[in-house]
Amino acid sequence: MNDVTIIGTGPAGLTAAIYAARAGHNPVIYAGLQHGGQLTTTTDVENFPGFREGIMGPKLMEDMTAQAERVGATVEYEEITKVDFSSQPLKLWAGDKEILSKTVIICTGATAKYTGHPKEQSLMGKGISACATCDGFFYKNKPVLVIGGGDSAMEEAIYLANLCEKVTLIHRREVFKASNIMLERAKKHPKIEFLVPYVLDDILSNDMGVTGAVVKNPETNESKELNVDGIFVAIGHKPNSEVFLPYVKTDKAGYIETTKFTETGIPGVYAAGDIADPHFKQAITAAGMGCQAALLASKFIEQMES
Ligand code: NDP
C-alpha cells in the first residue's frame, strides 16, 4: 500500500511529491496523459522564482520531475481511470491495475480550451497562448488579439492592454458572459478595441511564429486582417475532475471545492493546483498548494499510525 499517491505531474503534483518524499513517504506519482501539465505547452517561464534568465516550461517540468525522483518519488507513466474513496484504504485504478493508498493528492489540473483552428496547436508558445499573466510580457509594446467573451477574456485583455501596444478583443456573439463590471472596465480601456460578433478565421505566421490573424463576422461574412504578434485564447478551462466524481464536491464549472487549505472533506484526500483553483492558475500557486497537501497528508498518516 502506498502512503501517498499523487495524480498529475504539473507543478502541484511534483511539489507534493518532493515534500512527501522528503518526509519519508515514498510517494508514487501518476503522470497521466500530459506529463508535466500545462507548462509543457509554454516556452519561456519568467515568473517562477529562482531562474534569473527565465526557464523553458518543458525544462522546468523535466527538472522538477528529476528533483522529485532524486528525493525518492516514483513516477508511473500511467493514467488513473477510476477511484473509490468510500473507505480506507483509498482505492485507485490505472486501467486494470488496482492501487491502495493511505492518502491521495489530486493534481490533475485544468485544460485550457482552444478554438480548434488547425494551425493553433503548432503555434503554441510561438504566438498562441492561453495565459496572459504567463506570456503577456513577451508582447510588450506589440499588438495582440484576445478571443473570448467571459470574465477571463476581459481580465486578460485588461492585463495585456497595460503592457501591449494595442489589444483587439473578438467575441462570437453580441452578448457577453462577462460580468458588467469587467466588461465595462475593458470597454473603457483606451487600448482595447472590441470586434463583435467576430470569430477567428485564419492565423498568419512565418518561421518565427504568429504575424497576424484573419477574423470574420459570421453574420455578414466580412473579413478583417489584423496585424498581431500574439493571440490569447481566453474561452475557458475544463478542470479534469470527472474521474473523482461523485466522491469530491465540485463547483458548477467542475473545480474541486476544498475546505481548509487543500482538504476535500474526504479523510486523506487532498486537491492541489488548478483542479482546485479557478482564480489564480499560476505555476507558483499550484506548487504552494502541492506543498500544503503533502504536509497535510503527512500529518494524516502520522495520526493514522499513532
Ligand atoms: P466562461 O465560460 O465564463 O466564458 C467563456 C467565453 O468564451 C464565452 O463568452 C464563450 O462564448 C466563449 N467561447 C467558448 N467557446 C468558444 C469557442 N470555441 N470560440 C469562441 N468563443 C468561445 O469562461 P471564463 O474562463 O471567462 O470564466 C470562467 C469562470 O471564472 C466564470 O465564472 C468567471 O466569472 C470566473 N472568472 C472570474 C474572474 C474575476 O472575477 N476576476 C476572472 C476570470 C474568470 P459564449 O458566451 O458564446 O458561450
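Modeller: Quick ground rule first: a patch is built from residues with over 30% relative accessible area and no salt bridge, joining like charges within 9 Å and nonpolar side chains (Val, Leu, Ile, Met, Phe, Trp, Tyr) within 5 Å. This is a predicted model, where local features need pLDDT of at least 70, side-chain atom pairs count only at pLDDT 80 or more, and totals for chains, interfaces and linings use all residues. Numbering runs from 1 along each chain as its sequence is written, and side-chain values use heavy atoms, with hydrogens and water left out.

Colleague: What makes K113, R172, R173 and K177 a patch of positive charge?

Modeller: Lys and Arg count as positive, and K113, R172, R173 and K177 gather on the surface. Each charge is placed at NZ of Lys or CZ of Arg, and a salt bridge would be a Lys or Arg side-chain nitrogen within 4 Å of a carboxyl oxygen of Asp or Glu.

Colleague: Why is R172 called exposed?

Modeller: Exposed means over 50% relative accessible area (1.4 Å probe, protein chains only). R172 has 63%, so exposed fits. R172 sits in the loop between β12 (166-170) and α5 (180-188).

Colleague: And what makes F261 exposed?

Modeller: The relative accessible area of F261 is 53%, so F261 earns the label as well. F261 also has a positive phi of about 50°, despite not being a glycine. Its place is the loop between β18 and β19.

Colleague: Which peptide bond involving P246 is cis?

Modeller: The one from L245 to P246, with omega near 5°. P246 is in the loop between β18 (237-239) and β19 (269-271).

Conventions. Accessible areas come from the Shrake-Rupley method with a 1.4 Å probe; for residues, only the protein chains shown count as cover. Helices (H or I, at least four residues) and strands (E, at least two) are DSSP runs, numbered from the N terminus. Buried means under 20% relative accessible area, exposed over 50%, partly exposed in between (1.4 Å probe, protein chains only).
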